[in-house]
Amino acid sequence: MKIVTTIFIWCCIVWSAVAQDFPDSKGTNFWFAVLPNFHNSLEILPFDEALQQEHQLYILISADTITNGVITLRNDAGEVRTEPFTITNPQEVYQFRTYTIPYELVGWNQSGLIDYSAMQTETVAEQSIHISTDHEVTVYVANQAPLTSEAFLVLPTDALAEDYVVASYKSDIDWIGPTTPSSNSTPSQFCVVATEDGTDVTLLPSAATFKSPNLEPQTIRLNKGQVYLVQVDPRVTSRSDLTGSLVRASKPVAVFGGHQRAIVPLEQKKMLTSRDCLIEQMNPIRTWGKSAYATPLAWSSNEVRTGKICTELLRHLIVRRSLLMAFRLPRYMRTRITRDSLRRPWNSLPVSRPWLHCSRKPPVLPVLVYQTMVIHL
């Protein structure tokens, strides 16, 4: 049996910069939301506790010292659940797990059921998770589903800001009618989580969405813990990509970008039939730098190496601060760059050496994408 998996990872980068304090990934206060994943057998999951064990949300917390904390989870009905915890041994990673569906955002593809009426896309949603601790910790989250899982680092609130550019991936839309996507169609997506009450968020999507069909800006108000999910409108085009969307808020917010279930690269879809959910937290623009190191990702012991398919891609997303201040979207966002032409904002090249050094004059956000693999089980 062969399975194809896709791993989508934003680099953990050490930036070269002038001597100043930059936020890191350790903190005592964290907010995040879970983008829609694709869950097989979704209709029977509420009634099958054994099957729910395959659809889990994992929160992994590490500390340098004995630490107490509280995990607060809020579902789509606004119901709050609190889970106190204590890390008594800093040598061990604390793990919390729960059934993921009550805390996951709902998109227009509800794991095979296309339903625009029940989606939370471009409406204010309540599902969010907050973590507070009495000492600094590092937080990772994993969203598990059969054949489509993802993990991401969560940034503390002191590392957040008001301005972001979204990194995502191309939508994968197939059609069963003139405007009806198939049950396997999955979108490019991102979400914004408010960390304070009365947060005004202005969005400028880079692709057509339900409330911005002509890429017009939209502004919403969020209170602490509320979430705004944005997905492409599948009825417009089949390969829309929300990469390059701009987010500007009146107070610090957390932004998460990704894809419900992607094939990378999408152009090889006929060869690579399996997929994975993609989720990563976006770094605010103020933390972007001009130089970064990227390393190849580790190989699984059962991967089949199939030449060009089995390489990483490094992509740059660039913003010019003058354009950002005007809240206008530059034309760079759809340009692809080759190894020998690094003057344009998009770069696609294999990371085959022990490391790859990238140096650019404008600030950049590197994105490391692990291409879909063929795996023997």
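Q: How much area does the protein chain expose, and what share do carbon and sulfur atoms supply?
A: About 16500 Å² is exposed, with 52% from carbon and sulfur atoms. Areas are Shrake-Rupley with a 1.4 Å probe; for residues, only the protein chains shown count as cover. This is a predicted model: local features need pLDDT of at least 70, side-chain atom pairs pLDDT 80 or more, while totals for chains, interfaces and linings use all residues. Residues are numbered from 1 along each chain as its sequence is written, and side-chain values use heavy atoms, without hydrogens and water.

Q: How many helices and strands?
A: Two helices and 22 strands. These are DSSP runs numbered from the N terminus: helices are H or I, at least four residues; strands are E, at least two.

Q: What percentage of the residues is buried?
A: Of 377 residues, 55% are buried. Buried is under 20% relative accessible area, exposed over 50%, partly exposed in between (1.4 Å probe, protein chains only).

Q: Switching to asparagine 143. Buried or exposed?
A: Buried, because its relative accessibility is 0%. Asparagine 143 lies in strand β10.

Q: Which side chain does its side chain make a polar contact with?
A: That of glutamate 104, at 3.3 Å. A polar contact is an N or O pair within 3.5 Å; within protein, one atom must be able to donate a hydrogen and the other to accept it, and residues adjacent in sequence count only if both atoms are side-chain atoms.

Q: Where is leucine 215?
A: In the loop between β14 (199-204) and β15 (218-222). Its phi is positive, about 65°, although leucine 215 is not a glycine.
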